[in-house]
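Trainee: I'd like a close look at a single part of this protein, with its neighbours included. Please pick one and talk me through it slowly.

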Amino acid sequence: MITSYTMSLSFIPFQEMSEDANGDGGQPKRPVPRLNERILSSLSRRSVAAHPWHDLDIGPGAPQIINVVVEISKGSKVKYELDKKTGLIKVDRVLYSSVVYPHNYGFIPRTLCEDNDPMDVLVIMQEPVVPGAFLRARAIGLMPMIDQGEKDDKIVAVCADDPEYRHYTDVKQLPPHRLTEIKRFFEDYKKNENKEVAVDEFLPAETAHEAIRYSMDLYAQYIMQTLRR
């Protein structure tokens, strides 16, 4: 059971490379995170292709209403994911099990979690959304999950612009079968890869909002540490 999202930032490993300040070898080299160029290009408005993790705002209504970048469409058996270096959506693999994603799945921009990835979101809505598109979603709950021994919690949300689902404000309002379906998908989708996933009971909207705030704070800390280098 998740009780708090307050912890040390010491777990965030910065991938580093050497950079010469003047390019002549005369100055000492200093470590620079690999994402630094993307972050600085957004802030300085240099002409660099947009990166959905860093250049898309989380939205003025966060943490209740957030922007979500869709990686995987509802009904897909292909697992797409963000390539953090380029900002493109890449094919990670085709699922080994005979299951498909029950809802659109993606991430919240400008958030950071313990696994150094943006926060994951499952968005319940009527229609599949193409990978790479973004939408407004209302966070209504949190699904605590352990993937191969590591915490990998998911936000459960509804599309804020879908008339069938936008009125939901808490995960407990969803039909019980819908929650069972989601839980069972994540418990089973890696079984044929001999990987273990454990899903705990769904937590309310307030816990989801707390988790999003925490991931926003981690991202802000990461940006500040990056810009100081």
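**Helix 2 and its surroundings**

Mentor: Let's start wide: the protein has three helices and 12 strands (DSSP runs numbered from the N terminus, H or I of at least four residues for helices, E of at least two for strands). Keep in mind that this is a predicted model, where local features need pLDDT of at least 70, side-chain atom pairs count only at pLDDT 80 or more, and totals for chains, interfaces and linings use all residues. Residues are numbered from 1 along each chain as its sequence is written, and side-chain values use heavy atoms, leaving out hydrogens and water. Of the 229 residues, 47% count as buried (under 20% relative accessible area with a 1.4 Å probe, protein chains only; exposed is over 50%, partly exposed in between).

Now zoom in on helix 2, residues 176-188. Its 13 residues reach 18 Å from first C-alpha to last, close to the 18 Å expected at 1.5 Å a residue (that is, 1.5 Å times one less than the number of residues). Which residues of helix 2 are buried? They are Leu 179, Ile 182, Phe 185, Phe 186 and Asp 188. Those buried residues pack against strands 6, 7, 8, 9, 11 and 12 (contact means heavy atoms within 4.5 Å).

Helix 2 lies across strand 9 and strand 12, at about 160° to strand 12 (axes are lines fitted to C-alpha atoms, for helices over the stretch in contact, with angles from 0 to 180 degrees between N-to-C directions). Both strands sit in an open sheet of three, ordered 10-9-12 with antiparallel pairing (a pair needs at least two DSSP bridges). Strand 10 (150-151) and strand 12 (197-199) are at the edges with a single partner each, so one side of each has no neighbour in the sheet. Two bridges join strand 9 (145-147) to strand 10, and Asp 147 stands opposite Glu 150.

Strand 6, another packing partner of helix 2, holds Asn 104. Asn 104 is buried, at 1% relative accessible area. Polar atoms of its side chain lie 2.9 Å from the backbone oxygen of Glu 127 and 2.9 Å from the backbone nitrogen of Val 129. Not counting residues up to four places away in sequence, Asn 104 touches a list of residues including Val 70, Ile 72, Val 121, Met 125 and Pro 128.

Conventions: A polar contact is a pair of N or O atoms within 3.5 Å; within protein, one must be able to donate a hydrogen and the other to accept it, and residues adjacent in sequence count only if both atoms are side-chain atoms.
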